[in-house]
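Reader: I should like to learn how the surroundings of a residue and the pairing of strands are read from a model. Please take me through a case.

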Amino acid sequence: MCPVSLTGHWGSGRFHLSDTAFIRTYDIARFNLALYFVWLAQWSVDSMSAFNRPVRRALTSEERALLEWLIANGNPDAKQYAPQLAGTKVVGLCTCGCPTLDLAIGDRKERTIGSSHVLAEFDGSTAEGVQVRVILDAREEQISELEVIAIDDFEGVFNLPLIASLRR
Ligand SMILES: [Zn+2]
C-alpha cells in the first residue's frame, strides 16, 4: 500500500481506498500469505514430521534391545554410539501407526535435526508379518531417530521388527 496516496484520499475527504490501492494491498497480503505457507511447509519438513507427537519416556526393553542390536551389528562406526544408549530417551512418536521413534540423549526434549548419519539399516518383519526397513540415524553426533518403514506401503498399526528377522 502506498501511504502517500492513502493520505491523499483522506486529505480529500474520501475514507475508502481506491480500487487500485485495494487490489494492490490484497495482492501483497496474498503473496505474503503464500510465502508464509511455503515457509511453514519447509519448517515442518525440516524440523519434525507432521505426524510427530512429542512424548518423554524411557526406552521399553524391546526398544532398547533393538537399538543395542542395531549398534552392535550396524555400520562400522555405529559402535562409537554405544555409550549413548544408557542416556537415550524417547522424545517423539509417529502418529501414522508405525513405531518410528524420535530419540534424544540426556535432558534434550527434541531429537537433533542436522543432516542424518545412518548407523544401521536392515530389513525385517514384525510380529504382525509386516515387512519393514529399520534405520537408526544419528544427527549432530547423537542418536536421533529409529525409523521403521513398511516396505509395501502397509496402512495400520504395526510394531518393531523382530530382531531374529533382521537382514541387510
Ligand atoms: Zn509413521
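Reader: Which residues does Leu136 touch, not counting residues up to four places away in sequence?

Author: In this predicted model, Leu136 touches Leu67, Leu70, Gly74, Leu119, Ala120 and Leu146. A contact is counted where the C-beta atoms of two residues lie within 7 Å.

Reader: Is Leu136 buried or exposed?

Author: The general idea is a count of neighbours: a residue is buried if 20 or more other C-beta atoms lie within 10 Å of its own. Leu136 has 26 C-beta neighbours inside 10 Å and therefore counts as buried.

Reader: Where is Leu136 found, and which residue stands opposite?

Author: Leu136 is found in strand 5, residues 131-139. Strand 4, residues 116-125, runs antiparallel to strand 5, and 9 bridges join them. Within this pair, Ala120 stands opposite Leu136. Val118 is 18 residues from Leu136 in sequence, yet the C-alpha atoms of the two are 6.0 Å apart in space. As a general point, side chains in a regular strand alternate between the two faces of the sheet.

Reader: How many residues lie between the strands of the hairpin of strand 4 and strand 5?

Author: This hairpin has 5 residues between its strands, and Gly129 takes a positive phi near 85°. Strand 2 and strand 3 also form a hairpin, with 6 residues between them; Gly97 in that turn has a positive phi of about 115°.

Reader: How many bridges join strand 2 to strand 3?

Author: The two run antiparallel and are joined by 5 bridges; Gly92 has Asp102 in strand 3 as its bridge partner. Strand 2, residues 88-94, also pairs with strand 1, residues 52-58, in the antiparallel sense over 5 bridges. There, Asn52 stands opposite Cys94.

Technical notes. Residues are numbered from 1 along each chain as its sequence is written. This is a predicted model: local features need pLDDT of at least 70, side-chain atom pairs count only at pLDDT 80 or more; totals for chains, interfaces and linings use all residues. Two strands pair if DSSP finds at least two bridges between them. Helices (H or I, at least four residues) and strands (E, at least two) are DSSP runs, numbered from the N terminus. A residue is buried if 20 or more other C-beta atoms lie within 10 Å of its own, exposed if 12 or fewer, and partly exposed in between; C-beta atoms are placed from the backbone.
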